[in-house]
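Visitor: I would like to take a close look at a single part of this protein, and I would be glad of a careful explanation that goes step by step.

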Amino acid sequence: MTVVFQRPRGLTDVVTHYCPGCTHGIIHRLVAEVLDELELTDSTVGIAPVGCSVFAYNYFNCDMIQASHGRAPAVATGVKRATPESIVFTYQGDGDLASIGTAEIVHAAHRGEKITVIFVNNAIYGMTGGQMAPTSLIGQRTTTSPYGRKEDQAGQPIRMSEMLATIDGAKFIARVAVDKPARVIQARKAIRQAFLCQKLGLGFAMVEVLSTCPTNWGMSPIESLAWLEEQMIPYYPLAELKVPEEVK
């Protein structure tokens with residue numbers, strides 16, 4: 001019998017803890033598929049900080065290190081510099097990367113660290129209780145903005161990809177989504193390009209993945225997919241913001 005679909009070798013054979021409708025599982029699979037395809041799984045080290053991704057070490061079939069909240073790029077920098085032959089990636093949420101870890105991600109990009117960042121943006125703090133994140137949209141209700149985010153109090157949501165794309169050390173920056181099959185295919189392509197960027201030694205690479213959080217958004221899985229398309233994508237447009245010629 002010909003096998004046409006199976007679990008990637010880069011994923012362990014366990015059931016994930018994610019909530020129904022959460023798209024972390026899709027993103028995990030895409031990362032694992034790319035590592036397998038590029039034959040990088042055995043030489044990869046992943047960094048998982050605090051947040052919904054904290055248990056990623058249970059799911060990725062490669063070496064994993066847990067980092068303090070926001071510090072994954074700093075840990076990844078140390079691992080990559082100590083073992084430059086390794087492929088090193090961080091897997092971070094928006095509360096982690098765009099809030100407590102802003103300095104780490106900006107300076108890792110500025111230094112041109114040869115790491116790959118998978119940035120999962122669901123516009124809210126997930127694991128810690130559904131608080132407003134730097135990426136929460138204007139008017140979005142969270143546990144810390146029950147009447148909706150107000151611009152005069154919290155400012156506009158931060159667009160991390162656009163900001164990092166202005167930095168010379170950042171070589172690959174893209175924003176994708178995983179709410180539809182066609183977009184999942186595009187997300188896989190971008191993740192592959194980001195790891196290839198590191199494999200070729202070009203510099204810092206980041207893929208921002210727009211994701212859902214049905215539990216903290218207070219929606220059904222189907223409603224959350226619609227909300228992502230109708231509310232998030234207009235503010236966070238899908239795009240390849242910076243792509244080196246070598247990985248096109």
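Visitor: Leaving aside its neighbours within four places in sequence, which residues is Glu208 in contact with?

Guide: Before we begin, please keep in mind that this is a predicted model. Glu208 is placed in strand E6, and once its neighbours within four places in sequence are set aside, Glu208 is in contact with Phe119, Asn121, Ser161, Ala174, Arg175, Val176 and Tyr236. For one of these, Phe119, there is also a distance to give: Glu208 and Phe119 are 89 residues apart along the chain, and yet their C-alpha atoms are separated by 4.6 Å. Glu208 counts as buried, because its relative accessibility is 1%.

Let us now turn from Glu208 to the strand that holds it. Strand E6 (204–210) is one of the elements that give two or more residues to the largest nonpolar core, and the others are helix H1 (24–37), strand E3 (87–93), strand E4 (116–121), strand E5 (170–177) and helix H7 (181–199). Among these contributors, H7 gives the most, with eight residues. The core has 36 residues, and those that touch the most other members are Phe60, Phe89, Ile118, Phe172 and Phe195. As a general background, nonpolar side chains in soluble globular proteins tend to be buried together.

Ile118 makes a good example of such a residue, for if residues up to four places away in sequence are not counted, Ile118 touches Ile27, Val31, Phe89, Thr90, Tyr91, Gln92, Ile191, Phe195, Val207 and Val209. Apart from this core lies another one, of 23 residues, which includes Ala67, Ala98, Val117 and Phe204.

Two of the residues that Ile118 touches, Phe89 and Phe195, deserve a closer look of their own. The structure holds seven aromatic pairs, and Phe89 and Phe195 form one that is edge-to-face, with 5.7 Å from centre to centre and 70 degrees between the planes. Because Phe89 lies in strand E3 and Phe195 in helix H7, the pair ties together parts that are 106 residues apart in sequence. Phe89 counts as buried, since its relative accessibility is 0%, and Phe195 likewise counts as buried at 0%. These two rings also belong to one aromatic cluster, which is formed by Phe60, Phe89, Tyr91 and Phe195.

For a contrast with these buried rings, we can look at Phe55, which is placed in the loop between strand E1 (44–48) and strand E2 (63–66). Phe55 is partly exposed, because its relative accessible area is 30%, and together with Tyr57 and Met127 it makes a nonpolar surface patch of about 260 Å².

Finally, there are two places where the backbone is worth a careful glance, given that most residues other than glycine have a negative phi. Glu39, in the loop between H1 and E1, is not a glycine and has a positive phi of about 55 degrees. Ala123, found in the loop between E4 and helix H5 (151–154), has a positive phi as well, near 65 degrees. Their surroundings can be set side by side: Glu39 counts as exposed, with a relative accessibility of 71%, whereas Ala123 counts as buried, with a relative accessibility of 0%.

How values were computed
Residues numbered from 1 in each chain as written. Predicted model: local features only at pLDDT ≥ 70, side-chain atom pairs only at ≥ 80, totals over all residues. Heavy atoms only, no water. Core = buried A, V, L, I, M, F, W, Y, C linked by side-chain atoms within 4.5 Å. Buried < 20%, exposed > 50% of the residue type's maximum accessible area, 1.4 Å probe, protein only. Helix = DSSP H or I, 4+ residues; strand = E, 2+ residues; numbered from the N terminus. Contact = heavy atoms within 4.5 Å. Patch = residues over 30% accessible without salt bridge, like charges linked within 9 Å, V, L, I, M, F, W, Y side chains within 5 Å. Areas by Shrake-Rupley, 256 points an atom, 1.4 Å probe, with all protein chains shown as cover. Salt bridge = Lys/Arg side-chain N within 4 Å of Asp/Glu carboxyl O. Phe/Tyr/Trp six-rings, centres within 6.5 Å; stacked < 30°, edge-to-face > 60°.
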